[in-house]
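Good morning, and thank you for coming. I would like to take you through one structure this morning, beginning with its cysteines. Please have the sequence and the model in front of you.

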Amino acid sequence: MDNSLNVTYITFGGHVEVHKYRYLYFVIMFKLYILTISCNLTIVCIIVIHKALHEPMYIFIAALLINSVLFSTAIYPKLLIDFLSEKQIISYSACLFQWFIYYSLLSSDFFLLSVMAYDRYVSICNPLHYPTIMRKTTVNILLISAWIVPACQVLVPICLSANKKICNFYLKGILCNSTVHKLHCVTSRMLNIYGLVVFVSAVLLPVLFILFTYTRILVVSYRCQGVRRKAAQTCLPHLLVLFSFSCLIAYDVLLARLEIDFTKTLRLIMALLVVIYQPLFNPIIYGLKMKGIYVHLKMLFCKRV
């Protein structure tokens with residue numbers, strides 16, 4: 001607590017040998033940050049520039065990649081600063097803001113993935129009604145909801161936590177996530193229950209919905225051999241990435257709240273995976289597996305001299 005400025009500071013204690021390997025951490029994470037931003041923005045620019053890609057499927061992909069850029073930009077700079085700092089600290093108000101950005105954008109990822117799964121489901125299983133269902137107005141509403149709904153869900157615990165008394169000024173992690181509630185003098189049962197409800201509605205239900213739609217797509221595609229192979233090549237990598245990312249989020253939200261004595265190194269690795277995984281793999285999966293995008297990427301990077 002800084003009495004002269006009346007600011008409460010929280011110390012991050014999740015870094016491993018940061019004073020010894022600070023420059024190594026910084027270089028690796030900085031390169032990953034630049035790679036992530038470059039890959040995502042390259043595909044977004046391709047979708048924006050080429051009118052042939054101005055379809056709902058590609059628009060949703062662009063929104064997902066923009067969300068990855070926002071997430072990385074909100075998290076990476078603070079991590080990079082901490083790697084080079086003598087003390088890894090953050091003000092409580094900034095910690096709450098990071099908590100809000102962190103979970104609202106992660107929830108937006110699942111919302112957008114659900115919308116993309118629904119778009120593919122309609123286009124394959126009900127193609128005659130696709131133009132009627134996926135109109136421009138519907139696409140705009142879904143895109144706006146993808147950011148507004150998660151933000152409203154996450155804003156509630158943030159507002160409730162802002163007025164709570166702080167007795168602990170030490171976090172075991174490297175950023176402000178669900179463990180922030182352990183800083184409070186009195187643990188709120190209502191906040192824990194609400195967090196579980198948000199987890200179910202923002203993560204579990206979208207994952208189940210995506211699994212259902214992809215299963216339906218594979219069942220319908222199985223009847224046609226040519227479409228079956230194409231659907232399998234498209235759906236299976238997406239499901240693999242979704243499953244891995246869902247496990248990371250489940251760890252971050254649920255296991256981090258439990259009193260389990262994880263090693264410091266494991267906590268650091270899992271925290272970094274949550275930050276790195278989805279933003280870096282999204283452009284790879286959707287850039288290489290979506291033919292419309294891959295063709296333009298190949299033309300961009302493989303031009304004959």
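Let us begin with the covalent links between cysteines. In this predicted model, the count comes to two disulfides. I shall take them in turn.

One disulfide is formed by Cys95 and Cys176, whose sulfur atoms are 1.9 Å apart. Cys95 lies in helix α3, residues 92–125, while Cys176 lies in the loop between β3 (170–171) and α6 (189–221), so the pair ties together parts that are 81 residues apart in sequence. The angle about the S-S bond is -120°, and the link of Cys95 and Cys176 is left-handed. Are these two cysteines, Cys95 and Cys176, buried or exposed? Both of them are buried.

The other disulfide joins Cys167 to Cys185, with a distance of 1.7 Å from S to S. This pair also links distant parts of the chain: Cys167 is in the loop between α5 (136–162) and β3, Cys185 is in the loop between β3 and α6, and they are 18 residues apart. Here the angle about the S-S bond is 95°, and the link of Cys167 and Cys185 is right-handed.

How accessible are the two partners? Cys167 has a relative accessibility of 48%, and because the limit for exposed is over 50%, Cys167 counts as partly exposed. Cys185, with a relative accessible area of 31%, is partly exposed as well.

If we number the bonded cysteines of the chain in sequence order, what is the pairing? The pairing is 1-3, 2-4.

Two further cysteines deserve a word. Cys125 counts as partly exposed at 25% relative accessibility, and Cys247 counts as partly exposed at 39%.

I turn now to the aromatic rings. The count comes to eight aromatic pairs. One of them is formed by Phe110 and Phe245, 5.4 Å centre to centre with 20° between the planes. Why is this pair called stacked? The planes are 20° apart, and planes under 30 degrees apart count as stacked, so the pair of Phe110 and Phe245 is given that name. Phe110 lies in helix α3 and Phe245 in helix α7, residues 225–253, so the pair ties together parts that are 135 residues apart in sequence. Phe110 is buried, at 0% relative accessibility, and Phe245 is buried too, with a relative accessible area of 0%. In addition, Phe71, Tyr102 and Tyr103 form one aromatic cluster.

Next, please look at the surface. A nonpolar patch of about 560 Å² is made by Leu196, Val200, Leu204, Leu205, Leu208, Leu211 and Leu254. Among these, Leu204 is found in helix α6, and Leu204 is partly exposed, with a relative accessible area of 38%.

Finally, let us consider the annotation. An unreviewed UniProt entry places the feature "transmembrane region" at several stretches, including residues 23–49 and 139–163. Over residues 23–49 the chain is 100% helix and 0% strand, with the end C-alpha atoms 38 Å apart. Over residues 139–163 the chain is 96% helix and 0% strand, and the end C-alpha atoms are again 38 Å apart.

Ile49 lies in helix α1, residues 18–49. This residue, Ile49, is exposed, with a relative accessible area of 62%. How far apart in space are Ile49 and Ala151? Their C-alpha atoms are 29 Å apart, and the two residues are 102 residues apart in sequence.

Conventions. Residues are numbered from 1 along each chain as its sequence is written. This is a predicted model: local features need pLDDT of at least 70, side-chain atom pairs count only at pLDDT 80 or more; totals for chains, interfaces and linings use all residues. Side-chain values use heavy atoms; hydrogens and water are left out. UniProt positions are given in the numbering used here, feature names are shortened, and annotations may be inferred rather than shown by experiment. Helices (H or I, at least four residues) and strands (E, at least two) are DSSP runs, numbered from the N terminus. Buried means under 20% relative accessible area, exposed over 50%, partly exposed in between (1.4 Å probe, protein chains only). A disulfide is a pair of cysteine sulfur atoms within 2.5 Å. Patches are made of residues with over 30% relative accessible area and no salt bridge: like charges are joined within 9 Å, nonpolar side chains (Val, Leu, Ile, Met, Phe, Trp, Tyr) within 5 Å. Accessible areas come from the Shrake-Rupley method with a 1.4 Å probe; for residues, only the protein chains shown count as cover. A salt bridge is a side-chain nitrogen of Lys or Arg within 4 Å of a carboxyl oxygen of Asp or Glu. Rings of Phe, Tyr and Trp (its six-membered ring) pair if their centres lie within 6.5 Å; planes under 30 degrees apart count as stacked, over 60 as edge-to-face and the rest as tilted.
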